[in-house]
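Hi,

Here is the structure I promised to send over. Have a look at it first, and then read on for what turned up when I went through it.

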Amino acid sequence: MRIKTIIAVGAVVAVVAGVFAWREYSRGHKDTASREVAQTITAGDLLAAFRADEAAATARFVGTSEQVIAVSGIIREMGQEADGRWNVTLETGEDPGVECEFTAVPTQWTTGTQVTVKGICTGMDDLFGHILMQRCVAAE
């Protein structure tokens, strides 16, 4: 009788753990558009902060927990990838820009337009030196 109880409790624990794991795995990300902005900065100042002290800029803009920042700048270039995502590069005054990844961009956006973007900063790309922003939306 005791072994049956142990097996039953083990089965219940396994099912509960499995349901929890599946819900965590498939929950997705919080909506960037509705989240509060933690920092506001221009694209040029963001790049300058990372170039001056990458560790301090990472602590400030990436943080230890996911935070939304607003970055303003002029669109240098924009294009749609094969998977449907949009990449918008904000001008920084230097070669590397701030790369912003969108699922969709406003139709009125074109090269040379002044915009403000809300997104999650993931830091500086070690290969190209761009500042990377993900899950971006147009700030209102």
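**R35 and its neighbours**

Let's start with R35, which sits in the loop between α1 (2-25) and β1 (37-42). Before going further, please keep in mind that this is a predicted model. Is R35 buried or exposed? R35 counts as buried, because its relative accessibility is 18% and the cut-off for buried is under 20%. The side chain of R35 makes a polar contact of 3.0 Å with the side chain of E66.

E66 has another partner as well: the side chains of R135 and E66 meet in a salt bridge, at 2.9 Å from N to O. R135 lies in strand β6 and E66 in the loop between α3 and β2, so this pair ties together parts that are 69 residues apart in sequence. Both ends are partly exposed, R135 with a relative accessible area of 21% and E66 with 38%. Put R35 back in and you have a network of salt bridges that links R35, E66 and R135.

**Other charged pairs**

How many salt bridges are there by this rule? The count comes to six. Besides the network, two of them are worth pulling up on screen.

One is E94 with R51, whose side chains meet at 2.0 Å, N to O. This pair links distant parts of the chain, with E94 in the loop between β3 and β4 and R51 in helix α2, 43 residues apart. E94 has a relative accessible area of 40%, so it counts as partly exposed. R51, at 45% relative accessibility, is partly exposed too.

The other is D83 with R85, where the closest N and O atoms are 2.7 Å apart. D83 is exposed, with a relative accessible area of 51%, while R85 is partly exposed at 29%.

**How the strands pair**

Now for the strands. β1 and β2 run parallel and pair over five bridges; for a landmark, take I41, whose bridge partner in β2 is V71. β2 also pairs with β5, in the antiparallel sense and over seven bridges. If you want a spot to look at there, S72 stands opposite T116 in β5.

β2 pairs with β3 too: the two are antiparallel and joined by five bridges. Here G79 stands opposite N87 in β3. These two strands form a hairpin with five residues between them, and G84 in the turn has a positive phi of about 100°.

From β3 the pairing carries on to β4, again antiparallel and with five bridges. N87 turns up once more, as its bridge partner in β4 is E101. β4 in turn pairs with β6, in the parallel sense and over four bridges, and V98 has I131 as its bridge partner in β6.

What about the surroundings of β4? Four of its five residues are buried, so β4 is largely enclosed by the rest of the structure.

**The nonpolar core**

Which residues touch the most other members of the largest nonpolar core? They are L46, F50 and L90, in a core of 25 residues. The elements that give two or more residues to this core are α2 (43-52), α3 (54-62), β2 (68-80), β3 (86-90), β4 (98-102), β5 (114-124) and β6 (131-138).

L46 is a good place to centre the view. Leaving out residues up to four places away in sequence, L46 touches I41, F61, I69, V71, V98 and I131. You have met some of these already: I41 and V71 are bridge partners, and so are V98 and I131.

**Aromatic pairs**

Last item. Searching the whole structure gives two aromatic pairs. One of them is F102 with W109, an edge-to-face pair with 5.5 Å from centre to centre and 85° between the planes. The edge-to-face label applies because the planes are over 60 degrees apart. Are F102 and W109 buried or exposed? Both F102 and W109 are buried.

That's what I have for now. Shout if anything is unclear when you open the model.

Cheers

Note on methods
Residues numbered from 1 in each chain as written. Predicted model: local features only at pLDDT ≥ 70, side-chain atom pairs only at ≥ 80, totals over all residues. Heavy atoms only, no water. Phe/Tyr/Trp six-rings, centres within 6.5 Å; stacked < 30°, edge-to-face > 60°. Buried < 20%, exposed > 50% of the residue type's maximum accessible area, 1.4 Å probe, protein only. Polar contact = N/O pair within 3.5 Å; in protein donor to acceptor, adjacent residues only side chain to side chain. Core = buried A, V, L, I, M, F, W, Y, C linked by side-chain atoms within 4.5 Å. Contact = heavy atoms within 4.5 Å. Salt bridge = Lys/Arg side-chain N within 4 Å of Asp/Glu carboxyl O. Pairing = 2+ DSSP bridges.
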